[in-house]
Amino acid sequence: IIIPTYNRANTIKRCIDSIVKQTYQEFEIIIIDDNSNDNTKEIVKLICDDRVKYIRNNINKGANESRNIGVANAIGEYIAFQDSDDEWLENKLEIQIKELIKSEADIVASSFYRYEDENMEIIPNIKISDDDIPSMLMFGNFISTQTILGKRECFKKEKFDSDFPRFQDWELLLRMSKSYKIHFINKPLANVYVQEDSISKNSDKAIIALKMIINKYYNELLSNKKAMASMYEKLAHWSRKINDFSENYYKEALKFDRTNIKLIIKLIIFEIIKIKKYFK
């Protein structure tokens, strides 16, 4: 179980406790401390469980590279990932390992509970069919790192791309869906908490990562125009979050999905807001 962490002294014990209490108990926990400057190390060292291993990066390498370091140091037959501010439900590992074997898949994932401020939602909020996973991933991500479990050799061969500032789980699964069988469990098995400083709230990094995905999978997206339109619509969404009207991504999206009424309406609204902003 790979857990990258950076300055999460206030949440990492809760995270580890949720793993130690799992109904499936045959595991090792590898904590990769990404050069934290709080007391993360002291808190981890207080946990009296010889299954917990602590590795500290001598410089900040980011969560993606830290996960790859964890995989390189893992000895188990299967690899699972967790984030240091989140929790697993107590039967998460047991359910996933049984489903992995039963489905003869290489990788399993599940839905999860997402908590932000005082709101909770289940992600994804639709039922996922295994056969649809590769095509659905072209439209967006519905698999979070905290729910991924799979055969070790998969993650030895396909590593997290350290260049991605966000959506690293999405990009990894896009690659893996080409070579491996992925099974989805339509049941929430993790609690994911969005912190104020969570990467998932960073719009600038979202825009950079989306552009990287478009460039990396350009030919595949070009063969599925609605998927390409969806990418540009996402760029528009994140740009509006930071009030950046310099690029009209709705217009780009409509080049690939010209009859999408919702996109046309969003484009009109975008132009109205842009004009109002200009004349202020």
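**Exercise 1. Which side chain meets that of Lys98 in a salt bridge?**

Before solving, a word on the model. This is a predicted model, in which local features need pLDDT of at least 70 and side-chain atom pairs count only at pLDDT 80 or more, while totals for chains, interfaces and linings use all residues. Residues are numbered from 1 along each chain as its sequence is written, and side-chain values use heavy atoms, with hydrogens and water left out.

*Solution.*
- Step 1: Apply the criterion, a side-chain nitrogen of Lys or Arg within 4 Å of a carboxyl oxygen of Asp or Glu. The partner is Glu94, with an N to O distance of 3.1 Å.
- Step 2: Place the pair. Lys98 and Glu94 are four residues apart in helix 4 (residues 92-103), so about one helical turn separates them. Helices here are DSSP runs of H or I with at least four residues, strands are runs of E with at least two, and both are numbered from the N terminus.
- Step 3: Check accessibility, where buried means under 20% relative accessible area, exposed over 50%, and partly exposed in between (1.4 Å probe, protein chains only). Lys98 is exposed at 53%, and Glu94 is partly exposed at 27%.

**Exercise 2. Find further salt bridges, and say how many the whole structure holds.**

*Solution.*
- Step 1: The search of the whole structure returns 18 salt bridges.
- Step 2: In helix 11 (residues 249-256), Lys255 and Glu252 sit three residues apart, about one turn of the helix. Their side chains meet at 3.0 Å, N to O. Lys255 is partly exposed at 45%, and Glu252 is partly exposed at 25%.
- Step 3: Another pair is Arg114 with Glu116, at 2.8 Å, N to O.
- Step 4: Salt bridges also link Glu158, Asp161, Glu171, Arg175 and Lys216 in a network.

**Exercise 3. Describe the overall dimensions of the protein.**

*Solution.*
- Step 1: The C-alpha trace spans about 60 × 45 × 35 Å along its principal axes.
- Step 2: Compare the radius of gyration, taken over C-alpha atoms, with the globule rule of 2.2 Å times the number of residues to the power 0.38. For 280 residues a compact globule would come near 19 Å, and the protein has 20 Å, which agrees.
- Step 3: Look inside. Buried residues make up 50% of the 280 residues. Taking contact as heavy atoms within 4.5 Å, 72% of the contacts between residues at least 6 apart in sequence join residues at least 24 apart.
- Step 4: Count the elements: there are 12 helices and 11 strands.

**Exercise 4. What is the strand order of the open sheet of four strands, and where does Glu87 fit in?**

*Solution.*
- Step 1: Strands pair if DSSP finds at least two bridges between them. The order is 5-11-7-8, with mixed pairing. Strand 5 (87-88) and strand 8 (119-123) are the edge strands, each pairing on one side only.
- Step 2: Glu87 lies in strand 5. Two bridges join strand 5 to strand 11 (residues 190-193), and these strands run antiparallel. Across the pairing, Glu87 stands opposite Asn191.
- Step 3: Glu87 is buried, with a relative accessible area of 18%. Leaving aside neighbours within four places in sequence, its contacts include Arg14, Ser18 and Gln82.

**Exercise 5. Which residues of strand 1 are buried on each side?**

*Solution.*
- Step 1: In a regular strand the side chains alternate between the two faces of the sheet.
- Step 2: In strand 1 (residues 2-5), Ile2 and Pro4 are on one side and Ile3 and Thr5 on the other, all buried.
- Step 3: Strand 1 is joined to strand 2 (residues 29-33) by four bridges, and the two run parallel. Ile3 stands opposite Ile31.

**Exercise 6. Spot backbone angles that merit a second look.**

*Solution.*
- Step 1: Recall that most residues other than glycine have a negative phi, and most peptide bonds are trans.
- Step 2: Asn35 has a positive phi of about 65 degrees, in the loop between strand 2 and helix 2 (40-45). Asp117 has a phi near 55 degrees and lies in the loop between strand 7 (112-116) and strand 8.
- Step 3: Asp117 counts as exposed at 63%, while Asn35 is partly exposed at 25%.
- Step 4: The peptide bond from Ile123 to Pro124 is cis, with omega near -10 degrees. Pro124 is in the loop between strand 8 and helix 5 (133-137).
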